[in-house]
Structures are given as structure tokens and as C-alpha cells.
Amino acid sequence: GKSGIVILGIFAADTAYKAKRLPHIAETLMGSGFTLGPGGKGSNQAIAAARAGGKVTFISRVGNDPFGEMALAAYAAAGVKANVMKMDGVSSGAAFIFVDEATGDNAIIVAPGAAGLIGIEDVDANRAEIERAAIFMTQLEQPLDAAIHALSMAKRAGVTTIFNPAPARAIPDSVYDLCDFIVPNEVEAAELVGHAIETDEQARAAARTLLDRGAKAVILTLGARGAYYQAADRSEFVPAFSAGNVVDTTGAGDAFLGGFATAISEGYAPVEAVRFGCATAAIAVTRPGTAPAMPSRGEIDALLR
Ligand code: ATP
């Protein structure tokens with residue numbers, strides 16, 4: 001039988017600078033804080049799924065540099081199998097994150113480096129592993145052709161597919177048929193359907209639209225409100241959990257997806273898996289950072305009880 005979760009995506013070292021404001025061109029500004037940690041949506045989702053108890057393989061590329069070492073150390077610590085190509089002559093992915101010290105608002109530049117070179121050859125090199133997985137999951141930070149190639153390969157082999165269309169961008173209509181679960185946040189869903197998602201009615205309409213385009217099920221994540229599940233036979237709002245003071249919501253979506261993928265891989269019914277994902281994310285938002293904030297299975301089960 002099929003087992004485990006295979007995730008394709010990027011790694012980027014998150015370098016976060018706190019300051020009063022962004023500097024102007026040619027200006028140097030003194031900041032008030034700095035943090036460095038592993039990031040990238042696919043990478044965060046892989047670590048979240050493994051911490052939640054999933055058997056995870058992560059397909060990516062990094063450079064032969066200290067950020068690449070950081071990535072591989074994070075996978076070893078979380079128990080993620082790293083099918084990660086280490087490349088000479090190109091840097092690991094890195095993200096410049098400006099954090100406004102007063103408001104916490106951020107502005108981000110992602111330079112994907114080695115991960116921007118991910119292509120269909122990375123998918124083909126991992127064919128056997130993808131085809132025997134229970135779950136395949138990917139996003140849109142690496143080139144789109146690699147994501148589509150992998151989703152098609154997984155779907156043809158009867159692997160359950162989870163597609164997180166993030167960051168927001170247009171995608172070909174042919175992608176929907178490849179999705180057992182499509183999981184956008186409100187901004188990404190708005191981009192796909194072409195209207196704002198501010199009310200429950202708009203959320204329902206957007207989920208319906210994505211279902212009509214061919215996705216087997218749609219999960220819209222709604223931030224602190226929770227998530228909305230829509231399949232042909234069933235729809236349900238799943239409220240968010242509260243696990244303490246919210247300190248950093250960055251990576252909430254990745255925590256949700258990691259938890260959700262693990263639950264689906266263990267045979268949870270979809271709505272129960274959405275609850276599991278919401279519980280995973282609720283704990284992650286009580287801690288700073290992205291990958292280091294991901295909860296253990298014990299913590300998730302305790303919140304669900
Ligand atoms: P981000 O871009 O910040 O990583 P996102 O925009 O992709 O996140 P959201 O929809 O904001 O994703 O959040 C994903 C899930 O995380 C939600 O469905 C919800 O279950 C949980 N969540 C988000 N914010 C909170 C919060 N303040 N309290 C509890 N749970 C939350």
C-alpha cells in the first residue's frame with residue numbers, strides 16, 4: 001500500500017530585520033532586532049508535517065553554503081527525509097523580511113536561489129517515491145511547470161494530492177482536475193476567483209467556484225476565523241482553536257497544511273483533518289518564527305482533546 005507524504009517546494013533562510021521603517025535608496029538605517037531561521041513554504045510544511053507525526057520526504061534544492069547546511073540540519077532534527085540537491089555556484093534561497101517595529105507589519109523579498117532552479121527533472125528523479133506516497137503536496141514558490149508535472153504524476157498514480165496555490169498568482173484551468181484538495185488562504189482564493197473574500201457568503205461562493213473548476217475538495221483558510229471546507233457532498237466552517245496568546249501568525253498557513261497532510265495520510269476524514277490542521281496552526285501562532293514554531297504530535301492531540 002501507499003504511505004507517507006512527499007512535499008515539493010522551496011527552502012529560504014528567513015532573515016528578519018526589525019526597524020522603524022524601510023530605508024530609502026542610498027540610506028543606511030540602524031535596526032532594532034534580527035532573527036535568522038529556516039523558511040520557505042514547502043520547507044515549513046515538511047517540518048510541520050513531520051513534527052505532527054507524518055512520514056515526510058521533502059524534494060528541493062539548496063546551495064552549498066551555510067543556509068543550505070541550516071536547512072539540512074532542520075530536516076535532520078525534525079525527521080524529514082531530505083531529497084535535496086546541494087548545488088555549487090548558486091546560493092540557497094533567502095528571504096529579506098523587514099518587520100515594522102511598531103506594527104509588526106512586514107515587507108519581504110524572496111530570492112529563491114537554488115530552489116528557483118527546481119524543474120521537472122527533480123520530479124522525474126523522485127518518481128518512484130512520489131508514486132508510492134499516500135500524499136503529494138506542493139505550492140507555487142518553485143517554478144509552476146515542476147508543480148504541475150508532479151501533481152499530474154501523483155494523480156496518475158492514485159496518490160492523494162494537496163495543492164496550496166501560494167503565493168497568489170493565476171494558474172492554468174487544467175490544474176484544478178489534479179487537486180484532491182486545493183488549499184488557498186483568502187488572498188490566494190481572491191486571486192483565483194477574481195473577487196474579494198470578506199464575508200462568509202463570498203467564501204462559500206469562492207469555494208464553489210474552485211470546486212466547479214475541477215478540484216475534488218476546497219479548503220479556504222480564514223486566519224483567526226478558522227477554515228471552510230467544501231466538497232460536492234458536504235461543506236462546513238471549522239472554527240479556529242485558541243492555544244494561548246498569539247505572538248506571530250507567520251507560517252500559520254504552513255502549520256495548517258503540515259498538520260492537515262499528516263492527518264489525511266493517517267486516514268482521518270477530511271473535516272477531522274481540517275480540525276487537526278487548525279489545531280496545529282493554533283499552537284504555531286503562539287510561538288515566534290515559522291519552522292521552529294511547529295508543534296509536536298503530543299501538543300496537537302492535547303489541544304484536540
Ligand atoms: P501565513 O501567510 O501567515 O502563514 P496564511 O494566510 O497562509 O498564513 P491563514 O488563513 O492566516 O493562513 O491561517 C491558516 C490557519 O491558521 C487558519 O485556518 C487557522 O486555523 C489558523 N490560524 C491563523 N491565525 C490564527 C489565530 N490568530 N489563532 C488561531 N488560529 C489561527
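Helices and strands here are DSSP runs, numbered from the N terminus, and a strand needs at least two residues. The model on screen is a predicted one.

**Stop 1: a cis peptide bond**

Select strand S9 (160-163) and strand S10 (181-182); the loop between them contains Pro167. Now show the backbone from Ala166 to Pro167, where the peptide bond is cis, with omega near 0 degrees. Most peptide bonds are trans, and most residues other than glycine have a negative phi.

**Stop 2: a positive phi**

Go next to the loop between S2 and S3, where Ala26 is found. Ala26 is not a glycine, yet its phi is positive, at about 75 degrees.

**Stop 3: the open sheet**

Select S3, S2, S6 and S7, which in that order make up an open sheet of four strands with mixed pairing. Why does one side of strand S3 (33-39) and of strand S7 (106-111) lack a neighbour in the sheet? Both stand at the edges and each has a single partner strand, so one side of each is left free of a neighbour in the sheet. On average, neighbouring strands in this sheet are turned by 15 degrees against each other, direction ignored.

Strands of a sheet pair through backbone hydrogen bonds, in a parallel or an antiparallel way. For an antiparallel case, select strand S6 (residues 94-100) together with S7; six bridges join the two. Within this pair, click on Val99 and look across to Asn106 in S7, which stands opposite.

Add helix H2 (residues 66-78), which packs on the sheet and touches strand S2 (12-19), S3 and S6. The direction of H2 makes about 60 degrees with that of S3.

**Stop 4: the ligand**

Select the ligand and the residues around it. How many residues surround the ligand? There are 18, and the closest are Asn185, Thr221, Gly223, Gly226 and Gly251.

Show the backbone atoms here. A polar backbone atom of Gly226 is 2.8 Å from an oxygen atom of the ligand. For Thr249, a backbone N or O atom lies 2.9 Å from a ligand oxygen atom, and a backbone N or O atom of Gly251 also lies 2.9 Å from an oxygen atom of the ligand. On its own the ligand has 630 Å² of accessible area, of which the protein covers 80%.

Colour helix H8 (252-265) and helix H9 (270-284), the elements that give two or more residues to the shell around the ligand. H9 supplies the largest share, three residues.

Finally, colour the shell by class: ten residues are nonpolar, eight are polar and none is charged.

How values were computed
Residues numbered from 1 in each chain as written. Predicted model: local features only at pLDDT ≥ 70, side-chain atom pairs only at ≥ 80, totals over all residues. Heavy atoms only, no water. Near = heavy atom within 4 Å. Polar contact = N/O pair within 3.5 Å; in protein donor to acceptor, adjacent residues only side chain to side chain. Areas by Shrake-Rupley, 256 points an atom, 1.4 Å probe, with all protein chains shown as cover. Nonpolar A, V, L, I, M, F, W, Y, C, P; charged D, E, K, R; others polar. Pairing = 2+ DSSP bridges. Axes fitted to C-alpha atoms, helices over the stretch in contact; angles between N-to-C directions. Contact = heavy atoms within 4.5 Å.
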